[in-house]
Each structure stands twice: as C-alpha cells, then as structure tokens.
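I set out to look up how the strands, helices and nonpolar cores are arranged here. My entries follow the display.

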Amino acid sequence: MRLQISTQLAIFALLELAAREGQQVSVAEIGEKYGVSSHHLAKVMHVMGRAGLVRSARGAGGGYQFAGNARRMTLLDVVQRFEDLNAVEQHTGVADATAEGQALRQVLSEIDDIARATLGSITIATMRKLVDRHSAGNGRPGPKSVAPRLPD
Amino acid sequence: MRVRRVRAGDMPDVIALDTRVTKLAKADYWDDVFRRFGNQRSHERFFLVAEDRSDRTKPHLLGFIIGEVRAWEFGSTPCGWVFALSVEPEMRLRGTGSALIEAISREFRNVGIGKMRTMVARDARLPMLFFRSEGMMAGPYIQLERDLD
C-alpha cells in the first residue's frame, strides 16, 4: 500500500505534535526534520486544522498544537482525510455486472477491509511507541529474562 | 493488584465476567477450560487472573488471560498463543490488561518462547486497539475460512 506524500506528512506532523503535546511546533521545524517545504506542509496542516486534528497556535511564533487524544486518534482518522479508502465500494468497475467483475471486487474488498482495520487499530500513541522502538535500534521485545514464577 | 494462576474458587467469577462481557453463558466450556488450562501441563499452559487486593479480606477478580505454547501448528515454531483475555468493563483503562499481557509474556519467556500471537476479529475495535497498543503487529498468517454448505 502506498500513501500520498501529503498523507505521510500529515502522519509525521501529528507524531511530532503528539510527542510535544501542549507545545507549539512550527511548520518550519517539522519541514526541516522531514526535508519538505514549509509551503507544502502548511497546506497539509490547514487540512488537518479544518478536520480538528491540530490547532493553530496564536501569538508570537505561531505554529501548531496537537488537538486530539493520542490514545484515540487512529491512522485511519488521518489517512481518510487525504486518501480515497472506499475505492472498491464507491467506484464502478469495468465489468461489475459479470461474475468475473464481482469476483475481483470481492478480492479487492478484502484488501480494503484489511487496510481499514489495520489503519483503524493503530492510534497515534501506538505509533509513537513504534517510533520509539525503531529509534532504539530494533523492533523486537527487550532481552529475555527469567522472572519469578507467578504465585499459585 | 496481583496477577496469579487461576484457582478453582475463581471460576464462578471468571464465568460471571465472561457472561457479562460476551452475553453468552457457557459454564460447560469454562469447566473444560479450567480442567485443561488450570490444572494440566502447567509448564506450557497459563490461565492467569488479576485480582484487586485493595481490601485484603475481600479480593475480587479484575480480569483473566489464558494462553499456551503451541508448536508446529500451521508450520510455526513453538509460539505462545493468547486465546482469551477479559477485563471487568468498569475497571478498564487502568492497566489491568497490560498487567495480564506482561504476566503471560513473562511465563512464555520463562519457558523459552520468543513470540506471542493472538487473533482478533477485524471489527473488534477495542481488542484490536488494545493489542496494538501492547506492541503487537500483524503476523505472517492470514486466517481463511469458507462456509460448509
């Protein structure tokens, strides 16, 4: 599955803001980290602001703040602002009236359902934990240790 | 809170919690589960309960987790499978589920297991969110099914 650049930037920006909840983070700062123009990022932030995912900060310095609950906001909440996730259901296929067309729609619907379930089950907070694991250098559980057996 | 192995005396509370959560009473099922997972092969089967001991004279059940080591099913090397997890609805979001997951993870690690798996219905949003928050990601298997007409 591939996401548009804008969608990716939206997710990255939310991860930055959620990591610094309560603080104002500038578009320039986020843009510098991910190597994107402030102009492009500003458009993304505008869309997210209208969706209530972020809040623009007033006053000197400007910037944005995270506006949601990181333990409730999911990747699906973000992605569906920028991507068409209902492609199979809402778009008419070439041969929908045929058995072949219906069989293909069934397969593609399965892929869409799995994609939605995956995106809808990963919150911004869970993504931050995943980021932290990658930052630590590996994505695997910590070292094995022998703990005391549980009481009976 | 304390997490420990299940005892026979816990089962009425386990059954009551499961009935409240699933809206399905299945006492026979739980008798069988306790017989197999509470009493047998304790080195590879783990039926754990979390109890609230804030009142030591009346500890009460907060939740339970059940899992076992399964080997060579579907071509998999030995792996820890969690097939049941339930927390008292009024006591959720207080770390009970995490404590149960951590406890069974320790049990699996103690017997040399390095991978833990579970299965979640695609539309079971809360369990899916919970297991994801505990660091679980999609594994290499896809559950397939068909109707038997």
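Entry 1, strand pairing. I looked first at β3(B) and β4(B), which pair in the antiparallel sense over eight bridges. Strands pair here if DSSP finds at least two bridges between them; strands (E, at least two residues) and helices (H or I, at least four) are DSSP runs, numbered from the N terminus. I noted that B:R70 stands opposite B:C79 in β4(B).

Entry 2, conventions. I record that this is a predicted model, in which local features need pLDDT of at least 70 and side-chain atom pairs count only at pLDDT 80 or more, while totals for chains, interfaces and linings use all residues. Residues are numbered from 1 along each chain as its sequence is written, and chains are lettered from A and ligands numbered from 1 in the order in which they are written.

Entry 3, the sheet. I found an open sheet of five strands in chain B, in the order β1-β2-β3-β4-β5, with mixed pairing. Its edge strands are β1 (2-5) and β5 (116-117) of chain B, each pairing on one side only.

Entry 4, the core. I looked up the largest nonpolar core, which has 28 residues. Such a core is a set of buried Ala, Val, Leu, Ile, Met, Phe, Trp, Tyr and Cys residues joined through C-beta atoms within 7 Å; buried means that 20 or more other C-beta atoms, placed from the backbone, lie within 10 Å of the residue's own. B:L48, B:F64, B:I65, B:L100 and B:I104 touch the most other members.

Terms used
A residue is buried if 20 or more other C-beta atoms lie within 10 Å of its own, exposed if 12 or fewer, and partly exposed in between; C-beta atoms are placed from the backbone.
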